[in-house]
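Good morning, colleagues. Please look at the sequence and the model on the screen before I begin.

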Amino acid sequence: MTYDTTTSPLLRPARLGDHELANRLVMAPMTRNRAESDGTATPLMAEYYAQRAAAGLIIAEASTPNPVGQTYPNIAALYTDAHTTGWRRITDAVRAAGGGPMFLQVQHGGRVGHPDTSGLTPIAPSPLALPETIHTPAGRRAAVTPREMNAEDIRTTVRDFAATARRALDAGFAGVEVHSANGYLLHQFLAPNTNRRRDAYGGSVENRIRFTTEVVDAVVDAIGADRTGLRISPGHTVNGITDTDAGLLYPALLEANADKGLAYLHIAFAAPAHPLFARLREIWPGSLIANPVLPADQIPADGGREAAERLLDVGADLIALGRPFLANPDLVERLRTGAPVNAVRARYAMYTGGPTGYTDYPTHN
Ligand SMILES: Cc1cc2nc3c(=O)[nH]c(=O)nc-3n(C[C@H](O)[C@H](O)[C@H](O)COP(=O)(O)O)c2cc1C
């Protein structure tokens with residue numbers, strides 16, 4: 001692939017650890033609910049990712065490390081041999097399409113889960129229900145109160161993240177991204193409104209960052225720091241999370257993890273003008289992937305290019321885009337040529353299954 005590198009700094013090659021990336025564009029992790037009901041990745045998913053192989057780096061969608069971590073119907077999983085085989089088909093397809101490295105995001109839903117979906121009562125740092133309805137196989141249902149995790153649950157969950165990380169390498173991924181963002185389990189430990197624990201995992205900032213840090217350490221032990229990424233979403237209110245002390249919490253979390261030599265830190269919904277972004281960039285010594293804040297209703301006409309370049313200007317190394325990649329399999333080529341981008345079709349076709357709204361977004365030519 002040759003790019004006109006004068007077009008945009010986004011299209012310049014970059015390094016991520018030992019990886020040479022063709023450009024600075026990262027496909028953000030996006031749950032699309034196209035797996036089998038047991039979480040096995042499907043051939044349709046292989047087609048979807050292969051269509052987007054021109055991204056410098058692909059972070060594949062949130063995948064659960066165990067049954068109780070399942071969030072929604074038909075989300076991906078990685079804890080059985082069948083799951084490993086399913087994901088292997090996808091990394092092979094992306095490689096065959098000339099793609100760069102892929103990381104897999106590992107996500108435990110915590111209280112964002114439902115017995116009608118997983119057959120299990122969700123577990124969380126504290127028995128506080130998600131204050132929203134949640135999608136289940138039978139449609140939206142009221143969330144249930146999760147069971148408070150005990151010491152054994154914490155140990156098991158940490159081990160499951162590490163086991164899934166090992167499987168990710170077997171499945172052909174370059175590494176995994178630990179999902180500590182967007183109101184799922186790890187974020188539920190971080191945020192004071194979802195963590196009311198009185199033990200070593202709750203209360204002070206130092207205690208609330210402990211679980212994420214233990215998961216990171218276990219994954220690093222399993223597969224190496226250079227294969228371990230971490231995603232956070234400071235201050236982003238989603239899934240009933242309020243990070244009221246983000247200005248203290250995230251600097252502390254980063255300081256605790258800065259010296260490990262992780263592959264990258266990934267900040268979702270990064271605001272370049274926010275003082276916290278500058279502070280986190282200052283603390284984090286390694287590669288930083290930033291995901292810009294684009295309008296919630298629709299992607300901008302430039303595919304997010306201007307917002308992305310602003311983040312490069314303030315120190316991001318790589319830029320993750322979600323919906324622009326979702327709607328444009330040839331996003332990299334469109335950004336190179338300035339071709340108009342496809343708009344996202346209604347509701348991301350998340351619970352419809354099949355190719356419509358998934359693999360049928362047209363390329364520009
Ligand atoms: C359909 C959809 C699914 C998503 N699934 C995930 C996910 O699995 N893990 C995650 O960390 N973020 C997820 N996100 C958030 C995206 O990674 C990204 O942060 C968000 O869409 C904002 O970026 P954008 O404006 O470029 O789309 C999802 C977003 C969308 C639209």
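I shall speak about the annotated domain, the largest pocket and the ligand.

This is a predicted model, in which local features need pLDDT of at least 70, side-chain atom pairs count only at pLDDT 80 or more, and totals for chains, interfaces and linings use all residues. Residues are numbered from 1 along each chain as its sequence is written, and side-chain values use heavy atoms, with hydrogens and water left out.

An unreviewed UniProt entry lists residues 10-340 as "domain: NADH:flavin oxidoreductase/NADH oxidase N-terminal"; such annotations may be inferred rather than shown by experiment. The span is 35% helix and 19% strand, where helices are DSSP runs of H or I of at least four residues and strands are E runs of at least two.

Next, the largest pocket. Its lining comprises 41 residues, with N182, V238, F269, Y348 and M350 lying nearest the centre. By type, 24 of the lining residues are nonpolar, eleven polar and six charged, with Gly counted among the polar ones.

Finally, the ligand. Which residues come nearest to the ligand? Of the 18 around it, they are T31, Q105, R231, N291 and R323, "around" meaning a heavy atom within 4 Å. Side-chain N or O atoms of R231 and R323 lie 2.6 Å and 2.7 Å, respectively, from an oxygen atom of the ligand, while a polar side-chain atom of N182 is 3.3 Å from a ligand nitrogen.

Note on methods
On a 1 Å grid over the protein atoms alone, a cavity is a set of points where a 1.4 Å probe fits but cannot get out, and a pocket is an open set with protein on both sides within 12 Å along at least five of seven lines; lining residues have an atom within 4 Å of a point. A polar contact is a pair of N or O atoms within 3.5 Å; within protein, one must be able to donate a hydrogen and the other to accept it, and residues adjacent in sequence count only if both atoms are side-chain atoms.
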